[in-house]
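Thanks for making time this morning; I would like to walk you through one structure, and I will put the sequence and the model on the screen before I say anything about them.

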Amino acid sequence: MIQESIVIFLSLLLIVPISWAINNPLIELSSREELAKIAGYGEEKLSTVFLHGTLLCGHTPHPVPGASVAVFCGTSGPGRVRKSSWAKNVTNENGEFIIDVPSHLHANIHDPNLCHIQILHLPKDYSLCHHHSFTKRKSFTLTSSNIGVRVYTTPTIYLTSKASSRV
């Protein structure tokens, strides 16, 4: 008796989702790719997310213009980072950067365990700045949201001077 009830219960669990899918015109008329597109995944941009930050260096912090800064999302390591899992830009004369985050990373941008900032390259004039000193993952703060556009800000990135790190 108990076994029959379990079998009937499991059968109902399997039949209900199938009958829902059969009677749902969205499922019937859409391919897997179309459903992913409707859900907001994939390469087509349905919204815009920017990440803003500032890069400073030295004991008396000064801006670092011309540095390459990237946001990485997902797991990384030898052979595990895909080009599509990151986006980059260059700092301006005030050391500020704005990165246009690819749409397939939008859902993860707020999680410091999944997304973080990394300094890729510093200009020769700033070779005394120690970019390996920046290793902490910090969460990004949502600072603006308006009709499909979200702007997140990362805390100011302070790099130490190689000369001052030896003292």
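How many disulfides does a search of the whole structure find? The search finds two, and I will come back to each of them, but I should say at once that this is a predicted model, with a mean pLDDT of 74 for the protein and 59% of its residues at 70 or more. Confidence is lowest in helix α1, residues 2–22, where the mean is 48, and highest in strand β5, residues 96–101, where it is 95. Over residues 5–16 the pLDDT stays under 50, and for that stretch the model has one contact beyond four places in sequence.

Let me take the disulfides in turn. Cys57 is joined to Cys129 with an S to S distance of 1.9 Å, and with -120° about the S-S bond this link is left-handed. Cys57 lies in strand β1 and Cys129 in strand β7, residues 129–130, so the pair ties together parts that are 72 residues apart in sequence. Cys57 is buried at 2% relative accessibility, and Cys129 is buried as well, at 5%.

The other disulfide joins Cys73 to Cys115, with S to S at 2.0 Å, and because the torsion about its S-S bond is about 115°, this one is right-handed. Cys73 sits in strand β3 and Cys115 in strand β6, so parts 42 residues apart in sequence are tied together here. Cys115 has 0% relative accessibility and counts as buried, while Cys73, at 5%, is also buried. In sequence order, then, the bonded cysteines pair 1-4, 2-3.

Those two strands, β3 and β6, also pair directly, in the antiparallel sense and over six bridges, with Phe72 standing opposite His116 in β6. They belong to an open antiparallel sheet of three strands in the order β4-β3-β6. Strands β4 and β6 are at its edges with a single partner strand each, so one side of each is left without a neighbour in the sheet.

Turning to the interior, the largest nonpolar core has 25 residues, and those with the most contacts inside it are Leu55, Val71 and Ile109. Strand β1 gives the most to this core, with four residues. Beyond its neighbours within four places in sequence, Ile109 is in contact with several residues, including Val71, Tyr152 and both Cys73 and Cys115.

Finally, Tyr152 is the bridge partner of Leu142, in the hairpin that β8 and β9 form with two residues between them.

Terms used: Residues are numbered from 1 along each chain as its sequence is written. This is a predicted model: local features need pLDDT of at least 70, side-chain atom pairs count only at pLDDT 80 or more; totals for chains, interfaces and linings use all residues. Side-chain values use heavy atoms; hydrogens and water are left out. pLDDT is the predictor's confidence in each residue, from 0 to 100. Contact means heavy atoms within 4.5 Å. Two strands pair if DSSP finds at least two bridges between them. A nonpolar core is a set of buried Ala, Val, Leu, Ile, Met, Phe, Trp, Tyr and Cys residues joined through side-chain atoms within 4.5 Å. Buried means under 20% relative accessible area, exposed over 50%, partly exposed in between (1.4 Å probe, protein chains only). A disulfide is a pair of cysteine sulfur atoms within 2.5 Å.
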